[in-house]
Amino acid sequence: MRLAFTIRRYHPELDAAPHEETYRLDVTRGMTVLDALIRIKNEEDGRLTFRYSCRSAICGSCAMTINGAEKLACRTSVRKEWERHGGITIEPLRHLPVLKDLAVDMCSFWGKVRAIEPWVQADHLTPTGPLSLPAGSAQFHNVDACIMCGACVAACTVHEVDQGFLGPAALAKAYRFVADPREDSAARTARLAALQGPTGMWDCTRCNFCVEVCPKDVKPMEAIIRLRRAAIQAGMTDTGGARHVVGFRDLIARFGRLNEALMPLKVVGPSLRRLLHVLPLGLRMLLKGKVPNPLHPPIEGVRHVRALLERTRR
Amino acid sequence: MKYALYPGCAAKGATPELYQSTMAIIGRLGIEVTELTASSCCGAGVVAEADPEGALALNARTFAQAERLGLDVMTICGTCQGVMSTANRQLKADPALLQRVNRLLETERLVYHGNVQVKHLLWVVVREVGLAKLKDEVQVTLGDLKIAPFYGCYILRPSWDLGFDDPENPNSLEKLIRAVGAEPVDYGGKIKCCGFPIILEKEDIALAMNGANLKEAKEGGADAMVTPCPLCHMSLDIYQERAARKVETNLNLPVLHLPQMLGLAMGVSAKELGVEHHLVPVDSILKVVGERRKESGRS
């Protein structure tokens, strides 16, 4: 079968702007997108640039955008892509600077991983003492399976609009150390505290893109949620995000359903400036019949809801 | 075709027009419902951030109520669908977890055996009502209108929990847009995030996301947008003016709930569909619908 591959090309020294080029290739059984790229480079255009190494979904080098979604080229079947999308377009990872063709600059990615200090901080452990994890104690929820391919960051909808956001990979890595029983409790607290501000753990919208595209089932978003839980449990409740979570749960325990008239007040907290910011929209909603009665009676059986949330809270 | 209707919080709160428009169309599509009036919030993924087992128990409680009625659950909110699909998968896959959660429901004499399916109205219309039946009910084709589908996150991802649309290339909304005679707008933002979950605390980020999607749809020629998720609707409609300022463009893009779009084509009145609750006026769409209705009356 002969198929067309449309590839986004960009040579910054020669091209004014990125452009698409199409190559036709006889597709063999079991061929991956990486196989196709290597064939195109060998047979059609030696200047085509892309990163790869292991060809076995281990090194994390060949993440790219294939038919609009982040994938490892080495484990993406040409035939399946064709069947799913009726064509094959290959572009570099999104929202990272393109160096050439499909190779992007991963400096910001690595900088963010470094920024979370990806090592166990355990001054209390002497160099001669037991440094290994106690047997069966660690629960990293597969976060340590990350191969740092960058797919999650490229797919992240917050990173798309705010490239300062630490992003799924680095935050998941941070969770891995927060969950490490060897870490000093002061270091753990400092680690959580450092992620409370802008670009940190509360910027994630839980859009699930990182979970969907991760080739190693790391589920970075779930690690971010665990970070948030750890922060709340450590008493860090003075952020909009934490007030949202705690306030939401309180409202469900009180009414059984979310009361949208009260939710914004919970998130705003004790700030007149923030209150004045949400108020005009609240008034417009009120005029359109969109503000539910704050005194709305709770759902039938709300005491059972309250009781079960009390029990699981402990 | 009978379901236990799980309305969710938004349809009973800030988007009453979603509940209203759902009730206005489902009968004619052959969908009967018993509303789960004692159901709680699904947790929206927020309760789980503090208390994952509590969030599971809330959903198990809802499933148990439906199971007792011998009915599957129908949702009308993309977020509820995502949260409940995931919760249901977890409860069905882990008998020890199900047992633990059931213990929390004992005081209410409820028990969930894991025999309930949860389906969004969108899926029920596409797969069970069928496009043929829907087309039979269409009285006013929305021809000449270009409608941008906006799926929202939770009805698509994680795809292994939802198991309906292809998360990279969904087409269920497009099918319905075509069935009512309109033309779907294809644009990258249709599977992206509306920003709603952080809109109260990180408005700048949320508006940038929301504005980019609205702008892309508008530039693709959209006359309106349609969404199966009321939380997306709040972001796209209520916050549209602020989003437009953020992305420095003029938007004025009416945003319809899925049953409102179907209802307009089925000849249901704008009043019954509750469009007067929207912050972005739907007048431009109503005008086209009115013209089409006159034409079909003449012919």
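1. Asn252(B) sits in the loop that runs between helix H13 (240-246) and strand S8 (255-257) of chain B. In this predicted model, the phi angle of Asn252(B) is near 45°, which is a positive value in a residue other than glycine. Asn252(B) counts as partly exposed because 13 other C-beta atoms lie within 10 Å. As background for reading this point, most residues other than glycine have a negative phi, and most peptide bonds are trans.

2. A positive phi is also found in chain A, where Asn142(A), a residue other than glycine, has phi near 70°. Asn142(A) belongs to the loop between helix H3 (107-115) and helix H4 (151-155) of chain A. With 16 C-beta neighbours inside 10 Å, Asn142(A) is therefore classed as partly exposed.

3. The peptide bond leading from Arg157(B) to Pro158(B) deserves a look as well, since the model gives it as cis, with omega near -5°. Pro158(B) is placed in the loop between strand S5 (146-149) and helix H9 (159-162) of chain B.

4. Within chain A, the axes of helix H6 (residues 167-178) and helix H9 (residues 220-233) come within 8 Å and cross at roughly 50°. An angle of that value is why H6(A) is described as oblique to H9(A), and the crossing in which H6(A) passes H9(A) is left-handed. On the H6(A) side, the residues that meet H9(A) are Pro168(A), Ala169(A), Leu171(A), Ala172(A), Ala174(A), Tyr175(A) and Val178(A); on the H9(A) side, they are Pro220(A), Met221(A), Ala223(A), Ile224(A), Arg226(A), Leu227(A) and Ala230(A). Sorted by class, this contact of H6(A) with H9(A) holds 13 nonpolar residues, no polar residues and 1 charged residue.

5. A helix pair in chain B can be read in a similar manner: the axes of helix H7 (residues 121-129) and helix H10 (residues 172-179) of chain B come within 10 Å and cross at roughly 65°, and H7(B) passes H10(B) in a left-handed crossing. Leu122(B), Trp123(B), Val125(B) and Val126(B) of H7(B) make the contact with Ser172(B), Leu173(B), Lys175(B) and Leu176(B) of H10(B). By class, the residues of the contact of H7(B) with H10(B) divide into 6 nonpolar, 1 polar and 1 charged.

6. Between the chains, 55 residues of chain A are in contact with 45 residues of chain B. The elements of chain A that give two or more residues to the side touching chain B are helix H2 (78-85), helix H5 (157-161), helix H8 (209-213), H9, helix H10 (240-255), helix H11 (263-268), helix H12 (272-287) and helix H13 (302-313). The side of chain A that touches chain B is made up, by class, of 24 nonpolar, 15 polar and 16 charged residues.

7. The domain assignment divides chain A into domain 1 (2-104), domain 2 (107-233) and domain 3 (240-313). Taken over C-alpha atoms, the centres of domain 1 and domain 3 of chain A are separated by 48 Å.

8. Arg314(A) lies in the segment after H13 of chain A. Only a count of neighbours is needed to place Arg314(A) as exposed, because 5 other C-beta atoms lie within 10 Å. Arg314(A) and Thr32(A) are 282 residues apart along the chain, and their C-alpha atoms are separated by 50 Å.

Technical notes: Residues numbered from 1 in each chain as written. Chains lettered and ligands numbered in written order. Predicted model: local features only at pLDDT ≥ 70, side-chain atom pairs only at ≥ 80, totals over all residues. Axes fitted to C-alpha atoms, helices over the stretch in contact; angles between N-to-C directions. Helix = DSSP H or I, 4+ residues; strand = E, 2+ residues; numbered from the N terminus. Parallel < 35°, antiparallel > 145°, perpendicular 65-115°, else oblique. Left-handed = near helix turned anticlockwise from the far one by under 90°. Contact = placed C-beta atoms within 7 Å. Nonpolar A, V, L, I, M, F, W, Y, C, P; charged D, E, K, R; others polar. Buried ≥ 20, exposed ≤ 12 C-beta atoms within 10 Å, placed from the backbone. Domains from an automatic or database assignment.
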